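Open the model in your viewer and keep the selection tool at hand. Here is a short tour, stop by stop.

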Amino acid sequence: MIESPLLEKLTGYIGGRWTDNAHGNTFDVYNPATGKVIAQAASMTEDEVKAAVAAGKSALRLTTPYSIETRRKWLEDIRDALKANKEEVGRILCMEHGKPLQEAQGEVDYAAGFFDYCSKHIQALDAHTIPEKPKDCTWTVHYRPIGVAGLITPWNFPIGMIAKKLSAALAAGCPSVIKPASETPLTMIALFSLMDKHTDMPDGMVNLVMGKASVIGKVLCESPDVPMLSFTGSTEVGRKLILDTAEQVKKLALELGGNAPFIVFDDADLDAAADNLIANKFRGGGQTCVCANRIFVHEKVADVFGQKLAERVNRMTVGDGINGDVDLGPLINQAGFDKVKRHLEDALEKGAGLVAGKKPEDLGDNLFFPPTVITDVDRDMCCYREETFGPLVPMALFRTEEEVIDAGNDTEFGLASYVFTGDAARAQRVAAGLRFGHCGWNTGTGPTPEAPFGGMKASGIGREGGLEGLFEFVEAQTVPRGF
Ligand code: NAP
């Protein structure tokens, strides 16, 4: 079992205190590297989730709002607590997620960056009076907190994803009811321990609920006291939330699945493209929404690029992330492993060639999937159509710019995309043509706290990060003054 000063309680947190879990329902949390149970966290009842919403409602202040200075202090305190406890939070994250320790600790820094950014830009949420005086009135625009927000996060960035949402919610003055993924509740508990000890937020401002998604989701979707849900996860669940909140017309911020094209033209710096692809693709074991999912390589350079990838992949080490010196940890669970294996089997059966990695029949019976490169992939293969969420690099060949823009857009998703070319004009054309919220030009980097990030098409609604993200949890209210 995991021991940590940040995990003294493994229960929910409602109205400023840890719940007692009197009914005793729990769920197991596993270390995917060892397959062992490392903790049992409280699974909450419908009544407890309703209590969390009520606590949030009691912390909401409309007529006497929390000042900008007060909110800024909350954000700074959380940022500082995360930075001071980066090693321990990262260790917990590594043990329940499996990503390499250094990467896990880097995610804590990334999370702190969102609280930092919001603290530095919160002034943008102050009211302002517009310079014109239409209709003989003075017009003031206020940014009101939307109310209690339900924040639902996935397992692939246990601290990064909540940081994006919570920083903007607190900046707006919105209380929240937070549900982590059932695979990774411990990092969230650690965050709540830090907030409990190191901030003086009012009781009910942040509430933690864990356990069955169906129970928690139902309360959050049905409660009239929760006017907004901010969700990161699969498009499938995102669609369900749209349906389940339609009756009440709730505001939704949705960060959903991806199917990122990574395009390499024949005039690209191939070594830089290969290095960027490796860094992008194998982060989090290939389990990020911005991981390249379809690698389009110009046919003239396909063989040489494939060899460059193979050289790099063959040098990578796979193992328990806690050991610190591995490049790739395990996949999150058996279902995740089986999906990557199915994609590999399907592609090889349909004619793809194995460039690096193991054949499906040679894979072990643990959750460690070796980095794998395949070529001659086409649109009939599962790895082209679906988000693989694992360390499989499928290369497809192309000839022309128009063809590859069409191929890149040949998906319902529109989250991240990447183009590698030495031709600036071409890069501008391709980025404009790709219907993706993020398009890296000669970089495989993903989001950053300072810039807006989010999806087009079925990849979501809204933005996180940047000034756009800061405004997600407020509603503009316009007050024209007549005399
Ligand atoms: P998921 O299965 O959709 O789960 C995400 C969260 O939603 C979990 O906390 C889950 O709880 C909860 N949930 C499931 N059903 C629910 C319901 N009916 N009502 C309310 N909550 C519900 O996704 P995942 O497998 O954890 O994450 C992987 C997906 O997230 C991928 O598709 C990835 O692309 C996407 N993602 C997108 C972004 C982005 O920025 N766009 C970032 C990261 C990940 P349980 O764990 O208890 O089931």
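Start with α8, residues 235-245. In this predicted model, α8 gives the largest share of the shell around the ligand, three residues. Now add α7 (213-222) and β10 (228-232), which also give two or more residues each to that shell.

Select the ligand itself. It sits in the largest pocket. Show its surroundings: 30 residues. The closest are Thr-153, Ser-182, Ser-234, Leu-256 and Glu-387.

Next, the polar contacts. Pick Ser-182: a polar atom of its side chain is 2.6 Å from a ligand oxygen atom. Move to Glu-255, where a polar side-chain atom lies 3.3 Å from an oxygen atom of the ligand. At Leu-256, look at the backbone instead: an N or O atom there is 2.8 Å from a nitrogen atom of the ligand. How much of the ligand's accessible area does the protein cover? On its own the ligand has 910 Å², and the protein covers 86% of that.

Leave the ligand and select β5, β6 and β22. They form an open sheet in the order β5-β6-β22, with antiparallel pairing. β5 (128-129) and β22 (474-481) are the edges; each has a single partner strand, so one side of each lacks a neighbour in the sheet. Eight bridges join β6 (residues 138-145) to β22. Find His-142; its bridge partner in β22 is Gln-477.

Last stop: β3 (residues 26-31). Phe-27, Val-29 and Asn-31 make up its covered face, while Thr-26, Asp-28 and Tyr-30 make up the uncovered one. Six bridges tie β3 to antiparallel β4 (residues 36-42). Asn-31 stands opposite Lys-36. Four residues separate the two strands of this hairpin, and Gly-35 in the turn has a positive phi of about 75 degrees.

Conventions: Residues are numbered from 1 along each chain as its sequence is written. This is a predicted model: local features need pLDDT of at least 70, side-chain atom pairs count only at pLDDT 80 or more; totals for chains, interfaces and linings use all residues. Side-chain values use heavy atoms; hydrogens and water are left out. Buried means under 20% relative accessible area, exposed over 50%, partly exposed in between (1.4 Å probe, protein chains only). Two strands pair if DSSP finds at least two bridges between them. A residue is near a molecule or strand if one of its heavy atoms lies within 4 Å of it. A polar contact is a pair of N or O atoms within 3.5 Å; within protein, one must be able to donate a hydrogen and the other to accept it, and residues adjacent in sequence count only if both atoms are side-chain atoms. Accessible areas come from the Shrake-Rupley method with a 1.4 Å probe; for residues, only the protein chains shown count as cover. On a 1 Å grid over the protein atoms alone, a cavity is a set of points where a 1.4 Å probe fits but cannot get out, and a pocket is an open set with protein on both sides within 12 Å along at least five of seven lines; lining residues have an atom within 4 Å of a point. A molecule sits in a cavity or pocket if more than half of its atoms lie within 2 Å of its grid points.
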